[in-house]
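Here's a quick tour of a protein model for you to follow along with. Keep the picture open, and click on each residue as it comes up.

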Amino acid sequence: MKRSDLDILVHEGEGTTLEYKEGLSASLTRELVALANTLGGKILLGVRDDRTISGIADSNELRARIQDLARNCDPPIGIRIEPVGRVIVVHVAESASKPVQCREGFFWRQGSVTQKLSRGEILSFFRKEGHIRFDLAPCQAFRYPRDFDRQKY
């Protein structure tokens, strides 16, 4: 990524696929999960919410901590870390094995906000991703022999 591309992202503002973080914080894992559960995207470390660049020092320790956060999600999240000037760009891939969770739960992006999924939203997410199939689930209301139709069988 070139510096001019970064300037465009900073000017654009946060959205469904873009998050700013001034530094490495406890909420970074939630942001990784939310982006992986949505469309993927970028996290700009060293950028404040007001779009000013505060900068962050690039180091092997910082990169290792970010990689560990992504790897400790279930399933692990694919990321790529790229320094651009004083900003660290974390490219987050959309997960092929949704939904992804972290220790705090399941998250996704709604516009520029990361939201924790409710129980109903998690069930809906599993259905949408094909992890729950109604045709394989037993019918709890079925009673044999009352509901069994020998003619149709």
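A residue is called buried when its relative accessible area is under 20%. By that cut-off, buried residues make up 36% of the 153 residues in the protein chain. Keep in mind that this is a predicted model.

**The big picture**

- The protein chain has four helices and seven strands.
- Starting from the N terminus, you'll meet those elements in the order α-β-α-β-α-β-β-β-β-β-α.
- The radius of gyration of the protein chain is 21 Å, well over the 15 Å that the globule rule gives for 153 residues, so the chain is more spread out than a compact globule.
- Its C-alpha trace spans about 75 × 30 × 25 Å along the principal axes.
- Take the contacts with a separation of 6 or more: 62% of them in the protein chain come from residues 24 or more positions apart.

**Surface and charge**

- About 9,400 Å² of the protein chain is exposed, and 49% of that is supplied by carbon and sulfur atoms.
- The chain carries 24 positive and 21 negative charges, and the mean positions of the two sets are 5 Å apart.

**Strand S4 and its neighbours**

- How many of the six residues of strand S4 are buried? Six of the six are, so this strand (residues 87-92) is largely enclosed by the rest of the structure.
- In a regular strand, side chains alternate between the two faces of the sheet.
- On one side of S4 you'll find Val87, Val89 and His91, on the other Ile88, Val90 and Val92, and all of these are buried.
- Strand S2 (residues 41-45) runs antiparallel to S4, and five bridges join the two.
- To find a spot where S2 faces S4, look for Leu45, which stands opposite Ile88.
- S4 also pairs with strand S3 (residues 79-84), again in the antiparallel sense, over six bridges.
- Here you can look for Arg80, which stands opposite His91 in S4.
- S3 and S4 form a hairpin with two residues between the strands, and Gly85 there takes a positive phi near 60 degrees.

**The three-strand sheet**

- Further along, strands in the order S5-S6-S7 make an open sheet with antiparallel pairing.
- Strands S5 (101-102) and S7 (113-116) stand at the edges with a single partner strand each, so one side of each has no neighbour in the sheet.
- Strand S6 (residues 105-110) is joined to S7 by four bridges, in the antiparallel sense.
- One pair to zoom in on is Gln110 with its bridge partner Val113 in S7.

**Backbone oddities**

- Most residues other than glycine have a negative phi, and most peptide bonds are trans.
- Which residues does a cis peptide bond join, with omega about -5 degrees? They are Asp74 and Pro75, and Pro75 is found in the loop between helix H3 (60-71) and S3.
- Tyr144 and Pro145 are also joined by a cis peptide bond, here with omega about 5 degrees.
- You'll find Pro145 in the segment after helix H4 (119-128).
- Arg51 isn't a glycine, yet its phi is positive, near 75 degrees.
- Look for Arg51 in the loop between S2 and H3.
- Is Arg51 buried or partly exposed? Its relative accessibility is 39%, so Arg51 counts as partly exposed.

Conventions: Residues numbered from 1 in each chain as written. Predicted model: local features only at pLDDT ≥ 70, side-chain atom pairs only at ≥ 80, totals over all residues. Heavy atoms only, no water. Rg over C-alpha atoms; globule rule 2.2 N^0.38 Å. Buried < 20%, exposed > 50% of the residue type's maximum accessible area, 1.4 Å probe, protein only. Contact = heavy atoms within 4.5 Å. Areas by Shrake-Rupley, 256 points an atom, 1.4 Å probe, with all protein chains shown as cover. Lys, Arg positive; Asp, Glu negative; His and termini not counted. Charge placed at Lys NZ, Arg CZ, Asp CG, Glu CD. Pairing = 2+ DSSP bridges.
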